[in-house]
Amino acid sequence: MKAYPLLHSSPSPPPPTTPAGGITFDPVRIRRRETAMSFTVAASTHLPIGFAASNPRLLLIGYPRKWEIGSAASSSSAAASADVDLKSLEAALTKKDSDAVKKALTQLNESGWANKWSSQPYVSRRTTSLRELTSLGIKNAENLAIPSVRNDAAFLFTVVGTTGFLGVLAGQLPGDWGFFVPYLLGSISLVVLAIGSTSPGLLQATISSFSTVFPDYQERIARHEAAHFLVAYLLGVPILGYSLDIGKEHVNLIDEKLEKLIYSGQLDTKELDRLAVVAMAGLAAEGLTYDKVVGQSADLFTLQRFINRSKPKLSKYQQQNLTRWAVLFAGSLLKNNKALHEALIAAMQKKATVLECIQTIETG
């Protein structure tokens, strides 16, 4: 299977013309309207993710020097949290009003409490290599964009193994039953393979449920989504909700200004860079911890939507570099705020509210 070529190891020269052809991967869920969709990725060795996106709604759900993030003393923040009034922020979160959330957090920041909110406002893209990702601590950087098939494999192995075993047992039935029942059981595997080849979206919910057979699933999902949450918060993108439930893993990020820019296809370089870092945060978090990244497909799809809605349009090489740089920047933020990330993971695993998660970040 070919990798998404956004992290291709070619150095700086611009890539050649994209070859024709395509390969289809399993569908992913892009949140906010929870729409399952299948997508086709162009079989290019240079396109970051070569498929167009039709839904412009913003949803999430992802250096020359070491970046230092919001270093206000956490002890004073913890002491102040007992006295600070969070009612306006809580009300804004309840109403799902992104402008009110930003206003409340800005006021809390000015009062000396929300010191980490938008503490990394300056995001500037630069040329990035695979070697830098490896130096940061990203494991198997060259394979980050290869879609994971472990859930698919577990599902198919279970279906084929179970029906095969039952077919053997059914062959011992007396009379015609011992002939027809094994054939009926065997046809189940053929039907599943046919659906998976033509309409894989119909099997997505079932396949996703097989994630639970892997012992690292819950911790991996929490780490992935907590990375989106933390990086968005540090960059000043308001978070309105999140979920770690099977098939519904996401962090809801919304900004009215950004939403309008996405609808109109007018995302400028500055906003695209900021959203790219948030989109790649989950992939970066997994890459820093695990040898194999599993949840990258939805993140790459989201990034491609942003790229498709930006101006000026990026070349294939620029898209590739944007993705590498966003992984590097997000990974750097997570490493510099490792304690906060771990504390947020623990809070989200306990199903903390968004307000409680914000408190965890600010008092961590």
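This report describes the fold content, a strand pair, the salt bridges and one pocket of a predicted model.

## Overall composition

The chain has 364 residues, of which 51% count as buried. Its secondary structure consists of 14 helices and four strands. The exposed area of the chain is about 16,600 Å², and carbon and sulfur atoms account for 58% of that area.

## Strands S3 and S4

Strand S3 covers residues 239-243, and five of its five residues are buried, so the strand is largely enclosed by the rest of the structure. In a regular strand, side chains alternate between the two faces of the sheet.

The pairing partner considered here is strand S4, residues 250-253, which runs antiparallel to S3 and is joined to S3 by four bridges. One of the bridge contacts places serine 243 opposite histidine 250 of S4.

## Salt bridges involving helix H8

The structure contains six salt bridges. Side chains of opposite charge can pair when their charged atoms come close. In the bridge between arginine 220 and glutamate 286, the N to O distance is 2.6 Å. This pair connects distant parts of the chain, since arginine 220 belongs to helix H8 (residues 217-235) and glutamate 286 to helix H10, with the two positions 66 residues apart in numbering. Both partners fall below the 20% limit for burial: arginine 220 is buried at a relative accessible area of 7%, and glutamate 286 is buried at 2%.

A further salt bridge joins arginine 223 to glutamate 342, with the closest N and O atoms 2.9 Å apart. Here too the link spans distant parts of the chain: arginine 223 lies in helix H8 and glutamate 342 in helix H13 (residues 338-349), 119 residues apart. The accessibility of the two partners can be stated separately. Arginine 223 counts as buried, at 9% relative accessibility, whereas glutamate 342 is partly exposed, with a relative accessible area of 32%. Glutamate 342 is classed as partly exposed because its value lies between the cut-offs of 20% and 50%. Arginine 223 and glutamate 342 also belong to a network of salt bridges that includes Glu219.

## A salt bridge within helix H10

Glutamate 271 and arginine 274 form a salt bridge in which the closest N and O atoms are 2.9 Å apart. The two residues are three positions apart in helix H10, so about one helical turn separates them. Glutamate 271 counts as buried, with 8% relative accessibility, and arginine 274 is buried as well, with a relative accessible area of 14%.

## The second largest pocket

The second largest pocket holds about 260 Å³ of space. It is lined by 14 residues, and those closest to its centre are Pro121, Leu235, Lys270, Glu271 and Arg274. Glu271 and Arg274, the partners of the salt bridge within H10, are thus found among the residues closest to the centre of this pocket.

Helix H9 (256-264) and helix H10 (269-289) each contribute at least two residues to the lining of this pocket. The largest contribution is that of H10, with three residues. By class, the lining comprises six nonpolar, two polar and six charged residues.

Definitions and conventions:
Residues numbered from 1 in each chain as written. Predicted model: local features only at pLDDT ≥ 70, side-chain atom pairs only at ≥ 80, totals over all residues. Heavy atoms only, no water. Buried < 20%, exposed > 50% of the residue type's maximum accessible area, 1.4 Å probe, protein only. Pairing = 2+ DSSP bridges. Areas by Shrake-Rupley, 256 points an atom, 1.4 Å probe, with all protein chains shown as cover. 1 Å grid on protein atoms, 1.4 Å probe; cavity = no way out; pocket = protein on both sides within 12 Å on 5 of 7 lines; lining within 4 Å. Points joined across faces, edges and corners; volume = space filled by probe spheres on them. Nonpolar A, V, L, I, M, F, W, Y, C, P; charged D, E, K, R; others polar. Salt bridge = Lys/Arg side-chain N within 4 Å of Asp/Glu carboxyl O.
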